[in-house]
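Hi everyone, thanks for having me. Please pull up the sequence and the structure on your screens, and we'll walk through them together.

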Amino acid sequence: MLTSVDTDLLRVLGDPLRLRIVTLLARETLCTTHLVEETGARQTNLSNHLRVLREAGVVETEPCGRFTYYRLNPDVIEVLAGQFADLAAAARANADTKRACP
């Protein structure tokens, strides 16, 4: 049973703007222009956050003419969710386990 969470992925998703981007992409595939409109972030700032998400495998790109569309990679989110589910199961299974004080 896995009892740890991917801390690098948590760091990536821990940024409020990146989490907002992920939430938006869970609903639909969007281009940078759409994400600028939805988040109010500057295009350069948004592009930097998208690069981090892309490098972490959280989002995938799809070129479409002069635009790049972004879509969420659900497998990465499922892995993270599974890691949290494993932690919850371990906590339930060990709820009565107590280490003695020295």
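Let's begin with two helices: α1 passes α5 in a left-handed crossing. Before I go on, please keep in mind that this is a predicted model. The axes of α1 and α5 come within 11 Å and cross at roughly 115 degrees. That angle makes α1 roughly perpendicular to α5, since 65 to 115 degrees is the range for that label.

Which residues of α1 and α5 meet? On the α1 side, look for Leu9, Leu10 and Leu13. On the α5 side, they meet Val76, Ile77, Leu80 and Phe84. By class, the contact of α1 with α5 has seven nonpolar residues, no polar ones and no charged ones.

That brings me to the inside of the protein. In soluble globular proteins, nonpolar side chains tend to be buried together. How many residues does the largest nonpolar core have here? The number is 22, and the residues with the most contacts inside this core are Leu13, Ile21, Leu25, Leu35, Leu46, Leu53 and Val58. Several elements each supply at least two residues of the core: α1 (7-14), α2 (16-27), α4 (43-55), β3 (67-72) and α5 (74-93). The most comes from α2, which gives five residues.

Let's zoom in on Ile21. Leaving out residues up to four places away in sequence, Ile21 touches Leu35, Leu46, His49, Leu50 and Leu53.

Now rotate to α2 and α3. Here α2 passes α3 in a right-handed crossing. Their axes come within 11 Å, and the crossing angle is roughly 115 degrees. From α2, the residues in the contact are Leu17, Arg20, Ile21, Leu24 and Leu25, and they meet Leu35, Glu38 and Thr39 of α3. Sorted by class, the contact of α2 with α3 holds five nonpolar, one polar and two charged residues.

Next, follow α3 to its other partner on my list, α4. The two helices α3 and α4 pack at an angle of about 110 degrees, with their axes 10 Å apart. They are therefore roughly perpendicular to each other. The crossing of α3 and α4 is right-handed. Thr32, Leu35, Val36 and Thr39 of α3 make this contact with Gln43, Leu46, Ser47 and Leu50 of α4. The residues of the contact of α3 with α4 divide into four nonpolar, four polar and no charged.

One residue from that contact deserves a closer look: Thr32, which sits in helix α3 (residues 32-39). Is Thr32 buried or exposed? Its relative accessibility is 15%, so Thr32 counts as buried, the limit being under 20%. Setting aside residues up to four places away in sequence, Thr32 touches Gln43, Leu46, Ser47, Leu50, Thr68 and Tyr70.

Speaking of strands, let's visit Tyr69, which is found in β3. With a relative accessibility of 23%, Tyr69 counts as partly exposed. Where does the chain bring Tyr69 and Leu30 in space? They are 39 residues apart in sequence, and their C-alpha atoms are 5.3 Å apart. Apart from its neighbours within four places in sequence, Tyr69 is in contact with Thr29, Leu30, Cys31, His34, Glu60, Thr61, Glu62 and Cys64.

Two more stops and then I'm done. Find Arg54 in helix α4. At 35% relative accessibility, Arg54 counts as partly exposed. Not counting residues up to four places away in sequence, Arg54 touches Val59, Thr61 and Tyr70. The C-alpha atoms of Arg54 and Arg71 are separated by 9.8 Å, and the two residues lie 17 residues apart along the chain.

Last, move to Gly57, in the loop between α4 and β2 (59-64). Gly57 has 24% relative accessibility and so counts as partly exposed. Beyond residues up to four places away in sequence, Gly57 touches Asn73 and Val76. Remember Val76 from the start: it is one of the α5 residues that meet α1. And if you look for Val79, its C-alpha atom is 12 Å from that of Gly57, with the two residues 22 apart along the chain.

To take home: a nonpolar core of 22 residues, with α2 giving the most to it. Thanks for listening!

Terms used
Residues are numbered from 1 along each chain as its sequence is written. This is a predicted model: local features need pLDDT of at least 70, side-chain atom pairs count only at pLDDT 80 or more; totals for chains, interfaces and linings use all residues. Side-chain values use heavy atoms; hydrogens and water are left out. Helices (H or I, at least four residues) and strands (E, at least two) are DSSP runs, numbered from the N terminus. Buried means under 20% relative accessible area, exposed over 50%, partly exposed in between (1.4 Å probe, protein chains only). Contact means heavy atoms within 4.5 Å. A nonpolar core is a set of buried Ala, Val, Leu, Ile, Met, Phe, Trp, Tyr and Cys residues joined through side-chain atoms within 4.5 Å. Axes are lines fitted to C-alpha atoms, for helices over the stretch in contact, and angles run from 0 to 180 degrees between N-to-C directions. Angles under 35 degrees count as roughly parallel, over 145 as roughly antiparallel, 65 to 115 as roughly perpendicular and the rest as oblique. A crossing is left-handed if the near helix is turned anticlockwise from the far one by less than a right angle, and right-handed if clockwise. Ala, Val, Leu, Ile, Met, Phe, Trp, Tyr, Cys and Pro count as nonpolar, Asp, Glu, Lys and Arg as charged, and the others, Gly among them, as polar.
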